[in-house]
Amino acid sequence: MSEIKVSTIKNEELKFIAGIHMESFKGYMNAMLGKRYVRNFIAWFIDQPQCISIKAELDGSIAGYLVGAPIGYEPSMNSALMSSNLLALLTHPRVILHPSFRYAIWAKLRLLVGLNAIKNEIRNPEGKGISLVGIGVAPENSRKGVGDALIREFELLATKLGFNFMRLSVYRHNNIALNFYKKNGWLELQTTKNVIYLFKPLIQP
Ligand SMILES: CC(C)(COP(=O)(O)OP(=O)(O)OC[C@H]1O[C@@H](n2cnc3c(N)ncnc32)[C@H](O)[C@@H]1OP(=O)(O)O)[C@@H](O)C(=O)NCCC(=O)NCCS
């Protein structure tokens with residue numbers, strides 16, 4: 001039987017993990033910005049306090065990753081990654097044709113002027129929340145329990161860090177991810193035109 005081991009991402013693994021992101025999010029806007037952009041994006045989580053960055057190894061090879069950050073992380077991430085984002089945009093100009101581009105720019109501009117990135121503010125549950133920002137499993141290793149192992153560890157670590165709930169957003173059309181989260185006990189919080197927000201309460205001991 002296959003063995004799945006989950007542990008913290010190390011800097012030297014970033015290149016490989018960025019490759020997994022590129023495959024699992026093929027066609028998504030951030031993958032269109034290139035591998036260097038994705039590497040810098042995932043690297044940001046490694047050194048931040050209260051952030052979670054984990055990988056899953058399947059029989060000794062990295063098969064998936066997950067990153068999470070306290071709700072409200074976007075402004076500090078955007079300012080840290082500003083030059084990387086601009087460089088990625090200049091070197092991958094086709095990204096402006098992506099249907100999500102206009103929305104992403106609009107959200108970043110709102111953040112710059114101190115407004116919430118999302119027009120309809122989300123009604124969060126009570127307490128301190130952590131956002132599951134990204135989870136990806138290499139397509140050749142899908143449906144082997146890698147995602148389940150990652151999200152279970154995320155829940156354990158988030159509880160240890162003192163969070164009261166976890167939250168994420170998922171595109172309405174992403175039925176596989178929606179199935180995955182619902183199987184793992186996540187509940188619907190709010191829906192917008194294209195996105196569904198899910199949450200799961202955490203029980204502090
Ligand atoms: C969502 C994702 C992380 C799931 O990872 P995974 O390792 O394949 O998931 P698991 O093998 O642990 O499956 C757990 C459950 O998810 C659901 N699931 C996973 N793949 C599925 C599929 N192809 N069809 C339907 N349900 C699926 C099932 O409920 C499954 O439980 P089961 O196998 O007992 O029926 C993976 O498909 C992925 O990386 N997708 C692309 C990136 C993405 O969309 N990320 C989420 C963005 S919000």
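This passage describes the ligand shell, the nonpolar core, one helix and several loop residues of a predicted model.

The ligand is surrounded by 19 residues. Among them, S142, V146, G147, D148 and F180 come nearest. Three elements give two or more residues to this shell: β4 (129-137), α7 (146-160) and α8 (175-183). The largest share comes from α8, which supplies five residues. By character, the shell around the ligand divides into eight nonpolar, seven polar and four charged residues.

Attention now turns to the core. In soluble globular proteins, nonpolar side chains tend to be buried together. The largest nonpolar core in this model has 45 residues. Those with the most contacts inside the core are I42, I54, Y65, L66, L150 and F154. Helix α7 gives the most to this core, with six residues. Thus α7 contributes both to the core and to the shell around the ligand. The contacts of I42 can be listed in detail. Leaving aside neighbours within four places in sequence, I42 is in contact with L14, I17, A18, H21, S53, Y65 and V67.

Helix α3 spans residues 35-46. This helix has twelve residues and reaches 17 Å from its first C-alpha to its last. That length is close to the 16 Å expected at 1.5 Å a residue. The buried residues of α3 are Y37, V38, F41, I42 and F45. They lie on the same side of α3, because they cover an arc of only 125° around the axis. An α-helix has 3.6 residues a turn, so residues three or four places apart point the same way. Several elements cover the buried residues of α3, including α1 (14-24), α2 (29-32), β2 (52-58), β3 (61-70) and α5 (82-91).

Just before α3 comes another buried position. L33 lies in the loop between α2 and α3. L33 counts as buried because 21 other C-beta atoms lie within 10 Å, and the cut-off for burial is 20 or more. Not counting residues up to four places away in sequence, L33 touches A88, H92 and V95. L33 and L86 are 53 residues apart in sequence, yet their C-alpha atoms are 9.9 Å apart in space.

A further loop residue, N124, sits between α6 (101-112) and β4. N124 is partly exposed, with 16 other C-beta atoms within 10 Å. Setting aside residues up to four places away in sequence, N124 touches I71, G129 and R167. The C-alpha atoms of N124 and M166 are separated by 9.8 Å, although these residues are 42 residues apart along the chain.

Backbone angles pick out two other loop positions. Most residues other than glycine have a negative phi, and most peptide bonds are trans. D59, in the loop between β2 and β3, has a positive phi, near 45°. R143 also has a positive phi, near 65°, and lies in the loop between β4 and α7. Neither residue is glycine. D59 counts as exposed because there are 12 C-beta neighbours inside 10 Å, and the cut-off for exposure is 12 or fewer. R143 is likewise exposed, with 10 other C-beta atoms within 10 Å.

Notes. Residues are numbered from 1 along each chain as its sequence is written. This is a predicted model: local features need pLDDT of at least 70, side-chain atom pairs count only at pLDDT 80 or more; totals for chains, interfaces and linings use all residues. A residue is near a molecule or strand if its C-beta atom, placed from the backbone, lies within 6 Å of it. Helices (H or I, at least four residues) and strands (E, at least two) are DSSP runs, numbered from the N terminus. Ala, Val, Leu, Ile, Met, Phe, Trp, Tyr, Cys and Pro count as nonpolar, Asp, Glu, Lys and Arg as charged, and the others, Gly among them, as polar. A nonpolar core is a set of buried Ala, Val, Leu, Ile, Met, Phe, Trp, Tyr and Cys residues joined through C-beta atoms within 7 Å. Two residues are in contact if their C-beta atoms, placed from the backbone, lie within 7 Å. The expected span of a helix is 1.5 Å times one less than its number of residues. The arc is that of the directions from the helix axis to the C-beta atoms.
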